[in-house]
Every structure is written in structure tokens, then in C-alpha cells.
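Please look over the sequence and the model shown below before reading on. The report that comes after is meant to be read with both of them in view.

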Amino acid sequence: MNKEFLWGSATAAYQCEGGWKEGGKGLSNWDVFCHSEKNSVNPVTGDVACDFYHHYEEDIRMLAEGGQNAYRFSIAWTRILPDGTGRKSQEGIDFYHRVIDTCRKYHVEPLVTLYHYDLPESIYEAGGWENRNIVEQFVEYARICFEEYGQKVNYWVTINEPNYETLCCYGFGNYPPNVKDLGRRWRAMHHMLLASARAVAVFRELKLPGMVGLVSDSYPIAVLTDNEAHKKAAHMADLFFNLCVNDVCVKGAYPQDFVDQLKKDGYDLSYMKEEDPSIFADGCVDYLGINAYNRYIAEPADGPETNLGVNNTGDGKKTKFQIGNWFSLGEDSEMEKTPWGMEINPRSIYDLLMDLKRLYPQIPVIITENGVGNYDEVVDGQIHDQYRIAYLEGYVDWIERAMEDGCTVLGYFVWSTMDVYSWINGYKKRYGLVYIDYDSDDLVRIPKDSYYWYKNKIQNRRKSF
Ligand code: BG6
């Protein structure tokens, strides 16, 4: 197993692969959503995306030439099991063997995510994550992946961001099924956490080498006014954004005050079954993957109304975000923001890591995503993304300080390896270290200045880790 610090970058299947109808692949809910009239905010699809399906060798080679020793990608469930369950696709299985073997050829450690937002359409139509049947369906899929690739993959992720994904699906309502109903959200998230825990148990049963984790979008929570009401709001925000996922997958149980609050809010919790606590307890992760993008400022809620408004718009505009009786979100006007209104606050990753060390000293962390989305421009064939370099430089520095102060961090992955499809912002919002010219016939790849900066950084930092 690679004991070196993992310096890598990340992608996800729907966002980069394309080849949506190739290689025996079945349809996912995103394929269908993007082709429907519901996809009105950003009417583009991932049908072709970066065409990683045909360019994977080039992309992995460029990543390795950029000094990176690790690559995080996700498997499309629909390439392995086109109908979600039952019939396997050998062509799809072979594709990921080729991707993993290519990583090995270039001395790149693969970190493989089983589920990153794209659900087989048939499972989605049967209720998706709201239907408890999905737990064993996910286990069937996970088992195939573990059996196929388990001897050549050392780092696994069960599920990407149970929190943010369900918030977009059932809170903001901008991911399928596009509804605003937090009760349905808590139910879907419960099933995701159960599915993850069951997959972890199967991983252990198979006695595979390596580690298995879950990727959690986690947020440092701060207050701008230091009084009891604000501190309480910060705790409620922590329950809402962080602890309801992290406690379950690391400690094997929901925080009691989280469950109490759901009861107080009157949610029907009958989906929480008697056997679930032991499933959670038997499925604790080996490490926690952290996607670090933003810090939240908590304020007391001004009433019982819940209002999630809209998020993720390129004009930086935000509407009020309040979870009735829990907390609302404020803004620190002093902080610099990205064009999408996210705080640029490198120090916050240090605070987050120190919090995780305090709460979960028993397990290490991998930063599975960190990066900045922007409108990049090509000038004379180059992309001078100084803003990205400044952002990444700051975050890497503060991660190093957290490591010096005792946090166990095994790796760092920039989001993203190259520009990829952005779920709500299509191809305008670019995160890549490598630019994709979407207008060129063969989707030409151009390394940005940040790609060279990262290469240099890795070479220098390798000496000190
Ligand atoms: C993370 C997701 O939450 O954020 C990625 O895991 C996503 O899939 C990334 O692309 C950036 O999101 P967005 O909406 O800014 O493109």
C-alpha cells in the first residue's frame, strides 16, 4: 500500500465520462433529468462531457506528468449493472479495469468512489434513496466492484456527500427529484448512511487490502456574535451540516439531540428500524473523506419558517437560508468570495481539521475535494488562473499547519483534474487544473497555470512530508 502522502485530483463519472450510451451502459437519473424539461436552469447534458470514456489514458498520463501520485474517480453504477441490479455488463466492468490499470501504469494510486450522484434510472423511479430496497441494491453493486477491483485498489469511498446531495435533491430542489421537502431528505439520507455501512461490512467480510471511507462535505461553522443564542445556533448548524453524517459513519450513531430535534419537528421517523443502530455500528469507516469548500456563519433562526431559497448561482446572489427553529445562515461581509458567493478562507480548513481531530481522533482524514470554480479564459493559448493558485496555495498551507498540530491527513485532492460538467452550472463553472476546450472537435486539453503550480508544489512539499 502506498504510504506516501496522496497528492491528487478528482473527478466523478457523470461529470467527465460522456459515452452515455456506449459500452452497454444503462441510463442514470442524471441522463434522464438532463434530457427532460425539468433541466431548465442549465439546459446542457453530460452526454459527452470531457469524453473521459475515450480520453482516460491521456487524462491519467497528464495527471501523472503533473507530479500527482493519486487520482480520485467514481464508477458509474449503470456501467456495471445497466438496470441497477441483476444483469452485469462485462464491457462496463472491463472499462474500469482499464482505468485502474492505467493508473497503475503511471504510478498513480486510484481512490475509487462507488456512488457520486448518478443513480440507475430504474432504481430512481422506484423511489431512489427514499426506498429502503436501495440499501441491498447498493450492496449488490458494491460487492461486484470490491470483488472485481479489490486487489488493485487501496482506497475506496462508498458514497459521496450524503449531506449536500440530499440537500440539493430535497432542500434546494435543484437536483432530481427537484422537490423541497426536508422530511423526504432525512429519510433518503438515512438510507444512504445505511447503504454505506452495509457496504463497509461487506468490504471487511471480503478481507480486502486497503481502506474504505465515506466522503462527507463538511463545514467549519462560525459565529460573528459571541453569545448563547449564537452558540446554540452554531451547534444546530453543526448537527444539520456535519454531525448527522460524520457521527454515524465514524461513531456508528446519530447524535441524540439531532434525533430529538427531528422528533420535535414532527417528522415521521418510522423508516428508522430497530436493526439500524447495529448496522451503523458494524459499518464504521476506516477514514473520513472531506470535501472542503465553504464556511458557514450561524445565526439564531428568527422563527419557525424554513426557507432554503436558491443556491449556486454564478452572480453570487444568495437568498435567505433558514431551518425553522434550528438556525439561519449569515454572511461575513469582510471575507473575499468566489463569483458563486463561497467564502475564500484558507484558515477555515485548519479549523475544520482540528475539529475533526477532536471529535474523531481514532481515524485519519483525506481531503477528497478542495478547489475553486471560476470563469476561466484562454489568452494566447494559456490560462492564467492566478486566483486558483492563490486559493489552493492558501488551503494547502493551512492543511500542513494542521498536520504539524497533530491532525492525521493522508492525502489531498484538488477538485478537479480537468474541467468537468458542473451539476447546476454546466460548462461555465470551471474547476480544473486542465482546461477543456469544449468547442474543439477533439476536446483539446490545455494545462492551466495552476497545473504547473501544483506540480511544483508537490515536488517541494514531498520533501517535507
Ligand atoms: C462537490 C461535488 O460538492 O462540489 C462535485 O462532489 C461538484 O461533484 C463540486 O462538482 C463542485 O460543485 P459545483 O456545483 O460548484 O460545480
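The following sections go from the whole chain to its strands, its unusual backbone positions and the ligand surroundings.

## Overall form

This is a predicted model, and its protein chain contains 15 helices and 14 strands. Measured out along the principal axes, the box that the C-alpha atoms fill is roughly 55 × 50 × 45 Å. A compact globule with 465 residues would have a radius of gyration near 23 Å, and because the protein chain has 21 Å, its value agrees with that expectation.

Of the 465 residues in the protein chain, 49% count as buried. When contacts with a separation of 6 or more are considered, 77% of them in the protein chain are between residues 24 or more positions apart.

## Strand β2 and its partners

Strand β2, which covers residues 70-74, is mostly covered, with 5 of its 5 residues buried. In a regular strand the side chains alternate between the two faces of the sheet. In β2, Ala 70, Arg 72 and Ser 74 point one way, whereas Tyr 71 and Phe 73 point the other way, and all of these residues are buried. The buried set of β2 thus includes Arg 72 as well as Phe 73.

Strands of a sheet pair through backbone hydrogen bonds, either parallel or antiparallel. Strand β1 (residues 6-10) runs parallel to β2 and is joined to it by 3 bridges, with Ser 9 standing opposite Tyr 71 of β2. Strand β3 also runs parallel to β2, the two being joined by 5 bridges, and here Ala 70 stands opposite Glu 109 of β3.

## Val 157 in strand β4

Val 157 is found in strand β4, which spans residues 155-160. Is Val 157 buried or exposed? Val 157 has 25 other C-beta atoms within 10 Å, and because 20 or more are enough for a residue to count as buried, Val 157 is buried.

Leaving aside residues up to four places away in sequence, Val 157 touches Leu 111, Val 112, Thr 113 and Leu 114, and also Gly 213, Leu 214, Val 215, Gly 289 and Thr 368. Tyr 175, by contrast, is 18 residues from Val 157 in sequence and 21 Å from it in space, taken from C-alpha to C-alpha.

## A four-stranded open sheet

An open sheet is formed by 4 strands in the order β6-β8-β10-β9, and the pairing within it is mixed. Its edge strands are β6 (221-222) and β9 (322-323), each of which pairs on one side only. Helix α10, residues 228-251, packs on this sheet and touches β6, β8, β9 and β10 (327-330), with its direction making about 130 degrees with that of β8.

Strand β6 pairs with β8 (residues 296-299) in the parallel sense, over 2 bridges. Within this pairing, Ala 222 has Ile 297 of β8 as its bridge partner.

## Unusual backbone positions

Two cis peptide bonds can be described together with their places in the chain. The bond from Pro 176 to Pro 177 is cis, with omega near 15 degrees, and Pro 177 has its place in the loop between α8 (162-172) and α9 (182-205). A cis peptide bond also joins Trp 415 and Ser 416, where omega is about 10 degrees, and Ser 416 lies in the loop between β12 (409-415) and β13 (434-437).

Positive phi values are found at Ala 49, where phi is about 45 degrees although the residue is not a glycine, and at His 107, where phi is near 60 degrees in a residue that is likewise other than glycine. Ala 49 lies in the loop between α2 (29-34) and α3 (52-65), and Ala 49 counts as buried because it has 25 C-beta neighbours inside 10 Å. His 107 is found in the loop between α5 (90-105) and β3 (109-115), and His 107 counts as exposed because it has 10 C-beta neighbours inside 10 Å.

## Surroundings of the ligand

Which residues come nearest to the ligand? Of the 16 residues around the ligand, those that come nearest are Ala 12, Tyr 164, Gly 373, Ser 422 and Trp 423. Sorted by class, the shell around the ligand has 5 nonpolar, 7 polar and 4 charged residues.

Note on methods
Residues numbered from 1 in each chain as written. Predicted model: local features only at pLDDT ≥ 70, side-chain atom pairs only at ≥ 80, totals over all residues. Near = placed C-beta within 6 Å. Nonpolar A, V, L, I, M, F, W, Y, C, P; charged D, E, K, R; others polar. Pairing = 2+ DSSP bridges. Contact = placed C-beta atoms within 7 Å. Axes fitted to C-alpha atoms, helices over the stretch in contact; angles between N-to-C directions. Buried ≥ 20, exposed ≤ 12 C-beta atoms within 10 Å, placed from the backbone. Rg over C-alpha atoms; globule rule 2.2 N^0.38 Å.
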